[in-house]
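Here's a walk through this protein, one residue neighbourhood at a time. Have the sequence and the 3D view open as you read.

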Amino acid sequence: MLLEVCMDRLLPHMHNIIQYMLQRTQDQDENVALEACEFWLTLAEQPVCKDVLGGHLSQLTPVLVNGMRYSEIDIILLKGDVEEDEAIPDNEQDIRPRFHRSRTVAQQHEGDGIEEDEDDDDDLDDDDDTISDWNLRKCSAAALDVLANVFRDELLLHILPLLKELLFHQEWVVKESGILVLGAIAEGCMQGMITYLPELIPHLVQCLMDKKALVRSIACWTLSRYAHWVVSQPPDLYLKPLMTELLKRILDSNKRVQEAACSAFATLEEEACTELVPYLAYILDTLVFAFTKYQHKNLLILYDAIGTLADSVGHHLNKPVHTHTHTHTHTHTHTHTHTHIHTHTLLLILYDSIGTLADSVGHHLNKPVHTHTHTHTHTHTHTHTHTHTHTHTHTHTPAHSLRLHRHACRLRGSPPQQTGTHTHTHIHTHTLLLILYDSIGTLADSVGHHLNKPVHTHTHTHTHTHTHTHTHTHTHTLFILYSAIGTLADSVGHHLNKPEYIQMLMPPLIQKWNQLKDEDKDLFPLLECLSSVATALQSGFLPYCEPVYQRCVNLVQKTLAQAMLHQSQPEVYEAPDKDFMIVALDLLSGLAEGLGGNIEQLVARSTILTLMYQCMQDKMPEVRQSSFALLGDLTKACFQHVKPCIADFMPILGTNLNPELISVCNNATWAIGEISIQMGADMQPYVAMVLHQLIEIINRPNTPKTLLENTAITIGRLGYVCPQEVAPMLQQFIRPWCTSLRNIRDNEEKDSAFRGICTMITVNPGGVVQDFIFFCDAVASWVNPKEDLRDMFYKILHGFKNQVGEENWRQFSDQFPLPLKERLATFYGV
């Protein structure tokens, strides 16, 4: 506390304070030692840390390292002597509740297409979640991590001599602490560690085979901290051996190792992405088999891993499988004396996961499957990432964290983020399936349309002999498995797009759909799931679309009617749960996106536009958010039905351009852009309703990147269809417009926006003069523009050069960074 508020008064005494704290951090009373250890964490965050602590590193480093060993009581609490516990029931508090969030729209970016994570904690959350949340071991590791980021290689000078002894020690507790130390310094000391990694990584891979489960577990975590380096090397050297051994640990007989391996594998997937494509069959085979082994909590993490794999691998999962006989012989001995789960909750999660999978897979899930003999079906899932992200939030869990909600924020083209922690829960099958669905959903997001190729099967035989004695149905490990599968989907993306998986999913989904009543909240994850599946299957969803569509319309209608009754007689009628309406609107969005023009007849025969008009004015922001997403999707799918309502819709959209409600504003902005493209010159009467607000948003400091990008695209589209109205304002937005769109991928939305900016420059060339360098930079961001758009760029660049003259242009272009100058010279000859 004093460090934070009056450092200036402490500085003269800092040497003595540090010496005292060094002694107390080694106090026999762990509570005292823990309080003293937190001093180092606080000090590391102070600007003076390097100056006041640098001379004491040789004393402090071994103290922190010693504090990272498991105490005897830790080992007892962690059941460190129990090596095989996969049949032992999980605790109830391992399962967290999940909540629906409505859809948001975002853009894809160059590179990996991943949006910045809002909750991207790579915490030093090693393996001790079953003991106290905060202890000396964790505090020491956290302090070492923070200090490594402060001192970098200077700290390494003091760590390396200790590591040499710890990592090869005969006592497992000492070796385990050394592996934890190696993981703790990974981020801060990475550059200095590179020299030693070629020797250390194989050693850590060997530690994955250690006889002690806690050593295997921490080795998983530490290896995940070096995954980025592993992936940067030739795959046969480190990636393949690490992946192979992690997959074996995913099938470990110890639940803690299962969890750590799934989490580590999820991290590896995110780093490796398409590097995993050659091993995809082996990876899926392992993860699918883990379904038979895992308890509920670890299943969640497995699904997360599959989701990440899907995003990473992408369309590479889209190759035909040639198998005549696909046989897996699994010998299991199951003794089920009692099952503590309601399939009900469990299925909810599965629905969500399947939904996410469908998002990724896209319409490519819609092809026939040709199989000869296919024994032992592999459960794979499909997902689709929303091109214009409808707000569904997704947070990414650090190692050993659980991700319980897939559809949190679907950012266009970006893997969902995952978020989670665990408490301990004894789960009902009902809850468990919720998680499974979530993971399958994430897988789908990653896989995309690539699940859509015919499957020809040959002979593929695997014999797995396992003996399981299940006296209860457990939760903890199953949850982890779900999470791993979800991460797999995130990584491989649309490359998981094989139709055999879809055919496994639709019958249980439709069966559950038919069982649930409209007022049953278990509809939430099912609706989310079907939204993703519909988007993925596209015309393949046609056999199911009419009853699904009508039920969604009915849900919206009933909720609105209940809200009106409550408003008029609150003492008589309860307020409705508007989540029913939100998930229904989101599923309608999924149908519109998936079915495209095929939804036209359904829209024509329903009252959805009238209902949507009411939803767009609802007091609840999430309802408006989802209704604007649906408006944009219907505008793209069947504008002939939307157009007669535009005069009513546009004023509402204009009043919702309030950046204080980011997701509502984002979806309204995106919908205006979609309407502009469809309206063309007829958009002219509505430009004044929205342009001023859009220019304010794009110039607003600290505006989230997704909102900036959608705002820039919509301004560009307005300028494309109504250049005379928008071009006079060009100088007010050209600089932030260019910087907002320079990093998004080439796509149709970017294309129409840049056509708009070029048209506006032609109308008002003076509006770009002061910021022309930003326009040049934005033009250079294009990888492969269409020929006519390239010609527009060429004419503007050469027109500017000719106007200012050769000498002035040379002086101007000398300001350009060298890569920009070279790119413009190569592609546009300026």
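Let's start with Ile 76, which is found in helix 7, the stretch covering residues 72-77. Is Ile 76 buried or exposed? Ile 76 is exposed, because its relative accessible area of 59% is over the 50% cut-off for that label. It has company out there: Ile 73, Ile 76 and Leu 77 make up a nonpolar patch on the surface, and together they offer about 300 Å² of accessible area.

Before going further, keep in mind that this is a predicted model.

**The whole protein**

Zooming out, the protein has 40 helices and four strands. Of its 830 residues, 62% are buried. The accessible surface adds up to about 31400 Å², and carbon and sulfur atoms account for 52% of that. As for contacts between residues at least 6 apart in sequence, 84% of them join residues at least 24 apart.

**Rings that pair up**

Now for the aromatics. The count of aromatic pairs comes to 17. One of them is Phe 754 with Phe 793, an edge-to-face pair with 5.9 Å from centre to centre and 80° between the planes. Why does this pair tie together separate parts of the chain? Phe 754 lies in helix 36 (residues 748-763) and Phe 793 in helix 38, so the pair bridges parts that are 39 residues apart in sequence. Phe 754 counts as buried because its relative accessible area is 0%, and Phe 793 is buried too, at 0% relative accessibility.

Next come Phe 772 and Phe 812. Their ring centres are 6.2 Å apart and their planes meet at 45°, so this pair is tilted. Phe 772 belongs to helix 37 (residues 772-780) and Phe 812 to helix 39 (residues 806-813), which makes this a link between distant parts of the chain, 40 residues apart. Both Phe 772 and Phe 812 are buried.

Here are the two pairs side by side:

| Pair | Centre to centre | Angle between planes | Description |
|---|---|---|---|
| Phe 754 and Phe 793 | 5.9 Å | 80° | edge-to-face |
| Phe 772 and Phe 812 | 6.2 Å | 45° | tilted |

These four residues also belong to one aromatic cluster, whose members include Trp 737, Phe 775, Trp 782, Phe 800, Trp 809, Phe 816 and Tyr 828 as well.

**Two residues of helix 38**

Phe 800, one of the cluster members, is found in helix 38. Phe 800 is buried because its relative accessible area, 12%, is under the 20% cut-off. Which residues does Phe 800 contact, leaving aside neighbours within four places in sequence? They are Val 769, Phe 772, Trp 809 and Phe 812. Phe 800 and Phe 772 are 28 residues apart in sequence, with 8.9 Å between their C-alpha atoms.

Arg 790 is found in helix 38 as well, which spans residues 787-804. Charged side chain or not, Arg 790 counts as buried, with a relative accessible area of 17%. Not counting residues up to four places away in sequence, Arg 790 touches Asn 784, Pro 785, Phe 827 and Tyr 828. Tyr 828 also appears in the aromatic cluster.

**Arginines over rings**

Finally, look at two arginines placed over aromatic rings. The charged end of Arg 137 sits over the ring of Tyr 70, 3.7 Å from the centre of that ring. Arg 551 lies over the face of Trp 513, at 4.8 Å from the ring centre.

Notes: Residues are numbered from 1 along each chain as its sequence is written. This is a predicted model: local features need pLDDT of at least 70, side-chain atom pairs count only at pLDDT 80 or more; totals for chains, interfaces and linings use all residues. Side-chain values use heavy atoms; hydrogens and water are left out. Helices (H or I, at least four residues) and strands (E, at least two) are DSSP runs, numbered from the N terminus. Buried means under 20% relative accessible area, exposed over 50%, partly exposed in between (1.4 Å probe, protein chains only). Contact means heavy atoms within 4.5 Å. Rings of Phe, Tyr and Trp (its six-membered ring) pair if their centres lie within 6.5 Å; planes under 30 degrees apart count as stacked, over 60 as edge-to-face and the rest as tilted. A charge sits over a ring if NZ of Lys or CZ of Arg is within 6 Å of the ring centre and within 35 degrees of the ring normal. Accessible areas come from the Shrake-Rupley method with a 1.4 Å probe; for residues, only the protein chains shown count as cover. Patches are made of residues with over 30% relative accessible area and no salt bridge: like charges are joined within 9 Å, nonpolar side chains (Val, Leu, Ile, Met, Phe, Trp, Tyr) within 5 Å. A salt bridge is a side-chain nitrogen of Lys or Arg within 4 Å of a carboxyl oxygen of Asp or Glu.
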